[in-house]
Amino acid sequence: MPFSPMQKYKPGLHSITYVTTPNESSALELSRKMIERKLAAGVNIVPGMVAIYEWEGKIKEHQEILMMIKTRSSRVDELCEFVRENHPYSVAEIVSVPIENGNPAYLTWLSKAVPEGKK
């Protein structure tokens, strides 16, 4: 249920989920589909990130795109499943953190944009 600006925000009601992709086109495609399916209220696409990590015993380094996905915490599992099924990597980076506080008007908009998940 959306809250009014007069109500105190309940920490954790919403989350930001971070996903990386190999290029802008995959980030745009995933973002559009998430918005269409109402899994996310909005996605920020941040280009120019360098990823350095160990994979299969070797140090890797390459450019990636970071997606910052705003959603309801109740929809994170569904969002993660969608990303795993549609992501170009065999092991997609998906990390979600709860939103502790924020602009009441923005968080009300987020609640309206993403309906509650199945219970």
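The following exercises, each with a worked solution, concern a predicted model.

**Exercise 1. Helix 3 and its surroundings**

Determine which residues of helix 3 are buried, what covers them, and which residue caps the N-terminal end of the helix.

*Solution.*
- Step 1. Helix 3 comprises residues 104–113. Within these limits, the buried residues are L107, T108, L110, S111 and A113.
- Step 2. The cover over these buried residues includes strand 1 (14–21) and strand 3 (58–72).
- Step 3. At the N-terminal end of helix 3 the cap is N103. A side-chain oxygen of N103 lies 3.1 Å from the backbone nitrogen of A105.

**Exercise 2. An aromatic pair**

State how many aromatic pairs the whole structure contains, and classify the geometry and accessibility of the residues Y106 and W109.

*Solution.*
- Step 1. Searching the whole structure yields 1 aromatic pair. It is formed by Y106 and W109.
- Step 2. A pair of aromatic rings is described by the distance of the centres and the angle of the planes. For Y106 and W109 the centres are 5.3 Å apart and the planes make an angle of 45 degrees. Planes under 30 degrees apart count as stacked and those over 60 as edge-to-face, so the pair is tilted.
- Step 3. Both Y106 and W109 belong to helix 3, where they are 3 residues apart, about one turn of the helix.
- Step 4. Partly exposed residues fall between the limits of 20% and 50% relative accessible area. Y106 counts as partly exposed because its relative accessibility is 32%, and W109 counts as partly exposed because its relative accessibility is 39%.

**Exercise 3. The largest pocket**

Give the volume of the largest pocket, identify its lining residues, and establish which strand gives the most to the lining.

*Solution.*
- Step 1. The volume of the largest pocket is about 220 Å³.
- Step 2. Its lining consists of T20, A51, Y53, E54, W55, H62, E64, Y89, V91 and E93. By residue class, 5 are nonpolar, 2 polar and 3 charged.
- Step 3. Strand 2 (42–55) and strand 3 each contribute at least two lining residues. Strand 2 gives the most, with 4 residues.

**Exercise 4. The environment of I94**

Locate I94, decide whether I94 is buried, partly exposed or exposed, and list its contacts beyond four places in sequence.

*Solution.*
- Step 1. I94 lies in strand 4, which spans residues 94–98.
- Step 2. The relative accessibility of I94 is 22%, and I94 therefore counts as partly exposed.
- Step 3. With neighbours within four places in sequence set aside, I94 is in contact with T17, Y18, V19, C80, V83 and R84.
- Step 4. For I94 and R84, the separation is 10 residues in sequence and 8.5 Å in space, C-alpha to C-alpha.

Note on methods
Residues numbered from 1 in each chain as written. Predicted model: local features only at pLDDT ≥ 70, side-chain atom pairs only at ≥ 80, totals over all residues. Heavy atoms only, no water. Buried < 20%, exposed > 50% of the residue type's maximum accessible area, 1.4 Å probe, protein only. Contact = heavy atoms within 4.5 Å. Polar contact = N/O pair within 3.5 Å; in protein donor to acceptor, adjacent residues only side chain to side chain. 1 Å grid on protein atoms, 1.4 Å probe; cavity = no way out; pocket = protein on both sides within 12 Å on 5 of 7 lines; lining within 4 Å. Points joined across faces, edges and corners; volume = space filled by probe spheres on them. Nonpolar A, V, L, I, M, F, W, Y, C, P; charged D, E, K, R; others polar. Phe/Tyr/Trp six-rings, centres within 6.5 Å; stacked < 30°, edge-to-face > 60°.
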